[in-house]
Amino acid sequence: MAQYDVIVIGAGPGGYVAAIRCAQLGLKTAVVEGRETLGGTCLNVGCIPSKALLHATHQLHEAEHNFATMGLKGKSPSVDWPTMQEYKQSVVDGNTKGIEFLFKKNKIDWLKGWGSIPAAGKVKVGEETHDAKNIIVASGSVPSALPGITVDNEAGLVVDSTGALALPKIPKKMIVVGAGVIGLELGSVYKRLGAEVTVVEFLDNITPGMDGEVQKNLQKILKKQGMEFILGAAVQSVETTKTKAKLTYKLRKDESEHTLDADCVLVATGRKAYTDGLGLADLGVEMTDRGQVKTDAHWATNVKGIYAIGDAITGPMLAHKAEDEGMAVAEVIAGKHGHVNYSVIPGVIYTHPEVASVGATEESLKAEGRAYKVGKFPFMGNARAKAVFASEGFVKIIADKDTDRVLGAHIIGPAAGDMIHEICVAMEFGASAQDVALTCHAHPTYSEAVREAALACGDGAIHV
Ligand code: NAI
């Protein structure tokens with residue numbers, strides 16, 4: 001039994017990043033992880049495998065829709081689903097092994113098994129109990145269940161995001177419950193693979209919390225791609241036979257009841273913090289009423305020496321938010337000044353086109369009563385985007401009406417998830433829209449659209 005400075009529970013993006021930073025700061029560190037591989041939900045059954053499937057199916061889309069126009073003639077590729085699954089798994093394996101390598105490099109012990117905290121300063125894994133001056137709970141989240149629906153990932157008929165990444169076969173008809181990030185990304189994968197995809201959403205808009213203009217534009221684009229939407233609909237139940245599922249929903253406007261048939265239902269209605277089996281209640285660790293671990297501004301719980309980060313606490317359930325907290329809590333434990341700027345955390349949806357956003361929306365500023373101005377530029381005016389069939393969407397920058405300080409940005413378009421970081425850096429430095437507009441941007445790049453939107457906050461964009 002070793003004595004550790006820090007034991008991290010969970011090796012997802014929050015936990016493994018925290019562990020690496022702890023080790024770099026000279027702390028003797030171990031990570032408890034019960035999965036066979038490191039990386040948590042993100043690497044094993046989340047961000048990474050979904051990106052592999054999104055990439056592969058986007059290539060198919062390009063072959064089917066754009067190759068001939070570019071003079072690339074011939075039959076479109078056919079889909080070999082088992083091989084696509086192997087490709088996805090090889091991407092996952094490469095990444096999870098990469099974390100194992102980083103653990104070895106940083107001399108971090110992997111305590112294999114599911115951990116619990118029998119007392120402050122103690123972590124039990126299997127039959128062994130280890131001493132730790134500090135414990136970081138980074139146990140992540142799991143899909144939240146919907147009453148009336150039983151998920152069975154093995155059967156592949158009613159699945160959550162984990163099941164949807166490995167369906168036994170490509171469904172002919174798929175219903176996606178929830179028009180959030182998971183629903184739209186995985187719905188896009190199966191739509192491109194030829195499934196009829198209907199998204200049933202409780203609210204009247206897709207992607208809750210996003211900029212209203214982006215919501216409407218994205219829905220229009222996805223509809224054009226063939227995705228159907230039923231909005232304002234509360235899903236009641238799903239009944240299954242051996243091969244079919246029947247979903248019942250109620251329209252909120254008139255309470256009328258309707259049914260839909262499908263050969264796969266993906267339930268993507270959010271996730272909830274996962275802290276089962278840790279023994280937090282017995283330790284007296286305070287929780288929120290949504291089952292998340294309560295922490296202070298330094299990720300400390302009310303029990304001395306126990307910290308928590310990532311999906312297990314409050315805030316957006318995003319891998320990069322967890323990573324930032326992981327680095328910051330390591331610094332706090334090492335006696336430094338870890339900090340996370342929660343107002344500059346980007347969000348990305350990896351549909352095609354991508355959607356990315358950071359900071360304030362028009363809706364949030366209106367609610368706050370803050371005066372703002374908007375600079376917008378459509379990708380239709382961007383030469384690079386036009387050259388690669390990616391001219392849908394726009395960049396929208398929101399700046400303070402008086403000071404011109406950038407308050408937020410919302411991008412729907414090619415590589416939006418990468419471009420958003422220019423705005424994140426600008427916001428971190430308290431830049432004005434003019435600062436962005438006066439920065440030379442290489443031509444021809446998608447990023448020129450960001451500059452043009454910044455110009456539109458002032459005297460005007462050039463290419464409109
Ligand atoms: P979400 O919270 O993004 O969306 C869930 C949707 O389901 C909401 O629009 C909600 O109104 C709807 N809904 C809830 N109950 C319903 C009902 N009974 N009938 C119809 N619709 C209903 O959750 P999602 O997509 O499951 O994602 C979970 C978490 O994982 C999110 O926090 C998300 O940010 C994160 N994630 C992030 C990704 C990324 O950054 N690209 C990718 C995948 C997940």
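**Domain contact and ligand surroundings in a predicted model**

Trainee: How far apart do the C-alpha centres of domain 1 and domain 2 lie?
Mentor: This is a predicted model, in which local features need pLDDT of at least 70 and side-chain atom pairs count only at pLDDT 80 or more, while totals for chains, interfaces and linings use all residues. Residues are numbered from 1 along each chain as its sequence is written, and side-chain values use heavy atoms, with hydrogens and water left out. The domain assignment (bounds from an automatic or database source) gives domain 1 as 3-143 + 272-333 and domain 2 as 158-269, with domain 3 at 347-456. Between the C-alpha centres of domain 1 and domain 2 the distance is 27 Å.

Trainee: Which three residues supply 40% of the area that domain 1 buries against domain 2?
Mentor: The contact (heavy atoms within 4.5 Å) takes 18 residues from domain 1 and 15 residues from domain 2. Buried area is the accessible area, with a 1.4 Å probe, that two parts lose on being put together, summed over both; here it is about 1300 Å², 68% of it on carbon and sulfur atoms. On the domain 1 side, more than any other three residues, the contributors are V45, L54 and W81.

Trainee: Which residue forms a salt bridge with K51?
Mentor: A salt bridge requires a side-chain nitrogen of Lys or Arg within 4 Å of a carboxyl oxygen of Asp or Glu. Between domain 1 and domain 2 the count is 1 salt bridge. With the closest N and O atoms 2.9 Å apart, the partner of K51 is E185.

Trainee: Which element gives the most residues to the side of domain 1 that touches domain 2?
Mentor: Helices are DSSP runs (H or I, at least four residues; strands are E, at least two), numbered from the N terminus. Two or more residues each come from α3 (47-65) and α4 (81-105). With 10 residues, the element that gives the most is α3.

Trainee: Which residue has a backbone N or O atom 2.8 Å from a nitrogen atom of the ligand?
Mentor: Of the 22 residues around the ligand (a heavy atom within 4 Å), those that come nearest are I182, E185, E201, G270 and V348. A polar backbone atom of F202 is 3.0 Å from a ligand nitrogen, and a backbone N or O atom of A268 lies 3.4 Å from a ligand oxygen. At 2.8 Å from a ligand nitrogen, the residue is V348.

Trainee: Which residue does a cis peptide bond join to H352?
Mentor: The bond has omega of about 0°. The partner's place is in the loop between β18 (347-349) and β19 (354-359). That residue is P353.

Technical notes
Polar contact = N/O pair within 3.5 Å; in protein donor to acceptor, adjacent residues only side chain to side chain.
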